[in-house]
Amino acid sequence: MIHNDHEELSNEEFQSLRESCLKAARNSAYCPYSKFRVGCVLETSTGKRFTGANVENASYGAGICAERATITKAVTEGHKKLKLIAISGDSEEPISPCGICRQFIREFGPNVPVFMFNSDGSKFIKVFLQDLLPLSFGPENLGIEPALQ
Ligand SMILES: O=c1ccn([C@H]2C[C@H](O)[C@@H](CO)O2)c(=O)[nH]1
Ligand SMILES: [Zn+2]
């Protein structure tokens, strides 16, 4: 068990988030090219949890990261507001979302906590999106109201 000191989650919720993130990486990633499995779990403002993983393609550039695959799942099921997001990668150290994913997360969770785990869940980092993507561009800049749910 690793220690959780986050106001967003109870200790049980944190452990379950971590487990499902690792499980998503192990069981759901399609990454025959990089062989780098990434899992993602998110929670929406409606209290729903979605999981996903990276999905690669023979045309390498067509692949999609775990974060965008998972957010797309949630949004297309009608859940457009994120409460938190977690990722885990196939590495010793926790991985952090790529630049495109930071922007993608920002649309639906302008300042969500981002939990990052290493491959066995023994290490993690929590950062808020605004620290990963300062001075960001979003719907408000185009006069669009962000989704409420
Ligand atoms: O935060 C990240 C970083 C990388 N990847 C994926 C993209 C590609 O499939 C593989 C190697 O870059 O990992 C993610 O899904 N999320
Ligand atoms: Zn990405």
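This is a short tutorial dialogue on reading a predicted model, from its sheet to its ligand shell.

User: Let's begin with the sheet. In what order do its strands lie, and is it open or closed?

Analyst: A sheet is read by strand order across it, which need not follow the order along the chain. Here the sheet is open and has five strands, in the order S2-S1-S3-S4-S5, with mixed pairing. Strands S2 (49-53) and S5 (124-128) stand at the edges; each has a single partner strand, so one side of each is left without a neighbour in the sheet. On average, neighbouring strands are turned by 15° against each other, direction ignored.

User: How do I read the pairing? Which strands run parallel and which antiparallel?

Analyst: Take the pairs one at a time and look at their bridges. S1 and S3 are antiparallel and share seven bridges; one of the partnerships sets Val 38 against Gly 89 of S3. S3 and S4 run parallel, joined by four bridges, and here Ile 87 has Met 116 in S4 as its bridge partner. S4 (residues 113-117) and S5 are antiparallel, with five bridges between them. In that pair, Pro 113 stands opposite Phe 128 of S5.

User: Which helix packs on this sheet, and which strands does it touch?

Analyst: Helix H1 (residues 11-28) packs on the sheet, touching S1 (38-44), S2, S3 (82-89) and S4. The direction of H1 makes about 135° with that of S1. Phe 14 lies in this helix, and Phe 14 is buried, since 21 other C-beta atoms lie within 10 Å.

User: So burial is a matter of counting neighbours. How many of the residues of S3 are buried?

Analyst: The cut-off you need is 20 or more other C-beta atoms within 10 Å. In S3, seven of the eight residues are buried, so the strand is largely enclosed by the rest of the structure. Take two residues of the strand. Ser 88, found in S3, is buried, with 31 other C-beta atoms within 10 Å. Ile 85, also found in S3, counts as buried because it has 28 C-beta neighbours inside 10 Å.

User: What are Ser 88 and Ile 85 in contact with, once close sequence neighbours are left aside?

Analyst: Contacts like these show which parts of the chain meet. Beyond four places in sequence, Ser 88 is in contact with Cys 21, Leu 22, Ala 25, Gly 39, Phe 117, Asn 118, Ser 119 and Gly 121. With the same neighbours left aside, the contacts of Ile 85 include Cys 40, Leu 42, Glu 67, Ile 105 and Val 114. Ile 85 and Cys 21 are 64 residues apart in sequence, yet their C-alpha atoms are 9.7 Å apart in space.

User: Ile 105 is in a helix. Which residues of H3 are buried, and what do they pack against?

Analyst: In a helix, residues three or four places apart point the same way, because an α-helix has 3.6 residues a turn. In H3 (residues 99-108), the buried residues are Cys 101, Ile 105, Arg 106 and Phe 108. The buried residues of H3 pack against H2, S3 and H4 (129-132).

User: What does the UniProt record say about this chain?

Analyst: Treat an annotation as what the record states, then look at the place in the model. The unreviewed UniProt entry gives "domain: CMP/dCMP-type deaminase" for residues 13-140. Over that stretch the chain is 32% helix and 23% strand. The entry also has a "binding site" annotation covering Asn 54, Val 55, Glu 56, Asn 57, Ala 58, Ser 59 and Tyr 60.

User: Where is Glu 56, and how exposed are Glu 56 and Asn 57?

Analyst: Glu 56 is in the loop between S2 and helix H2 (66-76), and Asn 57 is in that loop between S2 and H2 too. Glu 56 counts as partly exposed, because it has 18 C-beta neighbours inside 10 Å. Asn 57 has 12 such neighbours, so it counts as exposed. Apart from residues up to four places away, Asn 57 touches Ala 62 and Gly 63.

User: Finally, how many residues surround ligand 1, and what kinds are they?

Analyst: A shell is read by its members and their character. Here 15 residues surround ligand 1, and the closest are Ser 34, Val 38, Asn 54, Cys 65 and Ala 66. The shell divides into 10 nonpolar, three polar and two charged residues.

How values were computed:
Residues are numbered from 1 along each chain as its sequence is written. Chains are lettered from A and ligands numbered from 1 in the order in which they are written. This is a predicted model: local features need pLDDT of at least 70, side-chain atom pairs count only at pLDDT 80 or more; totals for chains, interfaces and linings use all residues. A residue is near a molecule or strand if its C-beta atom, placed from the backbone, lies within 6 Å of it. Ala, Val, Leu, Ile, Met, Phe, Trp, Tyr, Cys and Pro count as nonpolar, Asp, Glu, Lys and Arg as charged, and the others, Gly among them, as polar. Two strands pair if DSSP finds at least two bridges between them. Helices (H or I, at least four residues) and strands (E, at least two) are DSSP runs, numbered from the N terminus. Axes are lines fitted to C-alpha atoms, for helices over the stretch in contact, and angles run from 0 to 180 degrees between N-to-C directions. Two residues are in contact if their C-beta atoms, placed from the backbone, lie within 7 Å. UniProt positions are given in the numbering used here, feature names are shortened, and annotations may be inferred rather than shown by experiment.
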